[in-house]
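Got the viewer open? Let's take a walk through this structure one selection at a time, and see what turns up at each stop.

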Amino acid sequence: MKKLIQKLTIMLVLMPASLSIGLLSSSTNAILEEYAIYPPSLVTMMISIPTLSLLIGLILSPILMRHIPAKSLVLTGLLMYGVFNALPAVVTGFYSTFLCRFIGGIGCGLIMPLQPTYAATYPEKERAALM
């Protein structure tokens, strides 16, 4: 049971990096229609803002690891990523959605430096299957 929980955790830790970048790219036209009153450049920025804020998380992660255990940092990053990327389904305001996407990107950035560390604990074949 412990091995299963560990594998599920590794899969969760690896998931944000693969999902955060291009998930909304195919929905660009629908997003532009939904927020037609805002400038298109600002609306398309909503799609790419997690990439920018991800850099903030990447910078903060090593700094926070000096003071917070890695498990707590992973949990914090996963919670930030999960909650703030699910929240726009309920909150429909443009700026609140924009802020949620920004904070979700920071959560993803907190996890990214830890991904290779946790994935490397498994043999190569198992690691490939997890990824």
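Start by selecting helix α4 (residues 70-86) together with helix α5 (residues 94-111): their axes come within 7 Å and cross at roughly 155°. That makes α4 roughly antiparallel to α5, where roughly antiparallel is the label for angles over 145 degrees. Axes here are lines fitted to C-alpha atoms, for helices over the stretch in contact, and angles run from 0 to 180 degrees between N-to-C directions. Helices are DSSP runs of H or I with at least four residues, strands are runs of E with at least two, and both are numbered from the N terminus.

A quick note before moving on: this is a predicted model, so local features need pLDDT of at least 70 and side-chain atom pairs count only at pLDDT 80 or more, while totals for chains, interfaces and linings use all residues. Residues are numbered from 1 along each chain as its sequence is written, and side-chain values use heavy atoms, with hydrogens and water left out.

Stay with the same pair. The α4 and α5 crossing is left-handed, which is the term when the near helix is turned anticlockwise from the far one by less than a right angle (clockwise would be right-handed). Now show side chains: L73, V74, G77, L78, M80, Y81, F84 and N85 of α4 meet residues of α5, including C100, I103, I106 and L110. Contact means heavy atoms within 4.5 Å. Sort the residues of this contact by type and you get 12 nonpolar, 4 polar and 1 charged. For that sorting, Ala, Val, Leu, Ile, Met, Phe, Trp, Tyr, Cys and Pro count as nonpolar, Asp, Glu, Lys and Arg as charged, and the others, Gly among them, as polar.

Which residues make up the largest nonpolar core? Select L73, V74, L78, M80, I103, I106, L110, I111 and L114, 9 residues in all. The elements giving two or more residues to it are α4 and α5. A nonpolar core is a set of buried Ala, Val, Leu, Ile, Met, Phe, Trp, Tyr and Cys residues joined through side-chain atoms within 4.5 Å. Buried means under 20% relative accessible area, exposed over 50%, and partly exposed in between (1.4 Å probe, protein chains only).

Click on L114 next. Leaving aside neighbours within four places in sequence, L114 is in contact with M65, A70, L73 and V74. There is also a second, separate core of 8 residues, with I31, I47, F94 and F98 among them.

Follow that contact to M65, which sits in helix α3. Is M65 buried or exposed? Neither label fits: at 39% relative accessibility, M65 counts as partly exposed. Try a distance, too: the C-alpha atoms of M65 and L110 are 9.6 Å apart, though 45 residues separate them along the chain.

Still in α3 (residues 40-65), pick S53. S53 is buried, at a relative accessible area of 0%. Beyond the four places on either side in sequence, S53 contacts R101, F102, G105 and I106.

Now show α3 and α5 together: they pack at an angle of about 35°, with axes 6 Å apart, in a right-handed crossing. The residues of this contact come to 19 nonpolar, 6 polar and 1 charged.

Last pick: E34, in helix α2 (residues 28-34). E34 is exposed, at 59%.

Finally, zoom out. The chain has 7 helices and 0 strands, and buried residues make up 32% of its 131 residues.

Notes:
Angles under 35 degrees count as roughly parallel, over 145 as roughly antiparallel, 65 to 115 as roughly perpendicular and the rest as oblique.
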